[in-house]
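This report covers strand pairing, helix packing, an aromatic contact and the main pocket of one protein chain.

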Amino acid sequence: MTQVWCNGAFLDEKEARLSIADRGFTLADGIFETLLGINETPVWFAEHLRRLRDGASRLGLHVAFEDQTLEAAVIGLLRGNGFARSAVRITLTRGPAAKRGLWVEDQSSPTLLITCASSAATIESQRVIIARSTRRNEHSPLSRIKSLNYGDNILARREALSRGAADALMLNGQGHVVCATVGNLFVRLKGGWITPPVADGILPGIARAKIISCLNAKQVSLSEADVRSADAAFISNSLGSIDIADIDGEKLRPCLAELPVAVLYETGALPADQT
């Protein structure tokens with residue numbers, strides 16, 4: 001049976017319980033991190049923890065455990081569950097509310113849950129569309145943290161599936177192409193790599209930062225015309241990168257096999273010749 005870690009204790013997943021009054025459940029009042037585990041090693045753990053604490057600070061959430069405790073919990077789950085490749089999720093909510101309502105002062109203690117699931121290697125490529133059902137709000141602070149509120153991303157993914165694609169690229173309010181539903185976007189234009197800037201309403205991904213250095217990518221706003229004229233593109237997140245095979249039916253060439261990107265996920269660092 002798969003183990004989880006909840007508020008300081010290792011539990012079998014069927015024994016873990018959350019309150020029905022937990023604000024993460026009722027109001028999406030919380031944040032999360034998803035990180036890759038290779039055997040018993042959490043990849044980029046320090047970076048994920050810094051981003052978790054930054055997001056918690058922005059929402060006024062309290063992280064009740066020290067870094068060493070959380071790292072030991074993650075390693076314990078990786079060891080106990082025994083997967084060769086894992087997706088580890090750290091979820092932090094404001095916890096159960098004593099009263100109903102959007103905001104009440106007498107909040108009880110936060111909930112911190114860590115889960116671990118087997119994660120297969122990412123697929124080689126996928127078809128994507130540009131979503132029309134919703135847009136990303138570049139003016140919201142939530143666009144730049146791992147908030148539990150993924151409603152717009154869910155709408156965009158549903159649209160993609162209904163149109164025969166695997167994922168969607170999302171526009172922001174200005175019409176710039178900014179990201180996929182669960183990953184950052186990189187496109188190759190005129191031989192150079194470009195990724196949208198944080199100001200366009202993207203999550204500053206941990207893999208994204210490393211890939212920017214790896215590929216010497218520029219951070220520039222992308223129009224739909226830019227994306228459609230790209231000769232190659234891929235989506236990245238902390239679990240891996242995936243080639244984009246086509247966008248709205250327009251084919252792109254595969255590129256990841258030619259790039260020094262895959263090694264990032266296996267080593268947790270840039271290739272040796274990168275600075």
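## The β8 to β10 strands

In this predicted model, β9 and β10 pair in the antiparallel sense, with 2 bridges between them. The hairpin that joins β9 to β10 has 2 residues as its connection. Across this pairing, Ala 180 stands opposite Gly 183 in β10.

β9 also pairs with β8 (residues 167-171): these two strands run antiparallel and are joined by 3 bridges. Here Ala 180 of β9 has Leu 169 opposite. The hairpin of β8 and β9 has 5 residues between the strands, and Gly 175 in this hairpin takes a positive phi near 85°.

## The six-stranded sheet

Strands of a sheet pair through backbone hydrogen bonds, in either a parallel or an antiparallel arrangement. An open sheet of 6 strands is present, with antiparallel pairing and the order β2-β1-β6-β5-β3-β4. Its edge strands are β2 (9-12) and β4 (41-42), each of which pairs on one side only.

At the β2 edge, 4 bridges connect that strand to β1 (residues 3-6), and the two run antiparallel. Within this pairing, Gln 3 stands opposite Asp 12 in β2.

Helix α2 (residues 45-59) lies across β3 (30-38), β4 and β5 (85-93). Relative to β3, α2 runs at about 175°. Angles are taken between N-to-C directions on a scale from 0 to 180 degrees, so the value of about 175° means that α2 and β3 point in nearly opposite directions.

## Aromatic pairs

The structure holds 4 aromatic pairs. One of them is formed by Trp 5 and Phe 65, with 5.0 Å centre to centre and 70° between the planes. Planes over 60 degrees apart count as edge-to-face, so this pair falls in that class.

The pair links distant parts of the chain, with the two positions 60 residues apart in numbering. Trp 5 belongs to strand β1, while Phe 65 is in the loop between α2 and α3 (67-81).

## The largest pocket

The largest pocket has a volume of about 660 Å³. Its lining consists of 35 residues, and by class these are 12 nonpolar, 16 polar and 7 charged. Nearest the centre of the pocket lie Arg 136, Tyr 150, Asn 153, Thr 181 and Leu 203.

Several elements each supply at least two residues of the lining: the helices α2, α4 (151-162) and α5 (206-215), and the strands β3, β9 (177-180), β10 (183-189) and β13 (232-237). Among them, α2 and β3 also take part in the helix packing described above, and β9 and β10 are the strands joined by the hairpin through 2 residues.

Conventions: Residues numbered from 1 in each chain as written. Predicted model: local features only at pLDDT ≥ 70, side-chain atom pairs only at ≥ 80, totals over all residues. Heavy atoms only, no water. Pairing = 2+ DSSP bridges. Contact = heavy atoms within 4.5 Å. 1 Å grid on protein atoms, 1.4 Å probe; cavity = no way out; pocket = protein on both sides within 12 Å on 5 of 7 lines; lining within 4 Å. Points joined across faces, edges and corners; volume = space filled by probe spheres on them. Nonpolar A, V, L, I, M, F, W, Y, C, P; charged D, E, K, R; others polar. Phe/Tyr/Trp six-rings, centres within 6.5 Å; stacked < 30°, edge-to-face > 60°.
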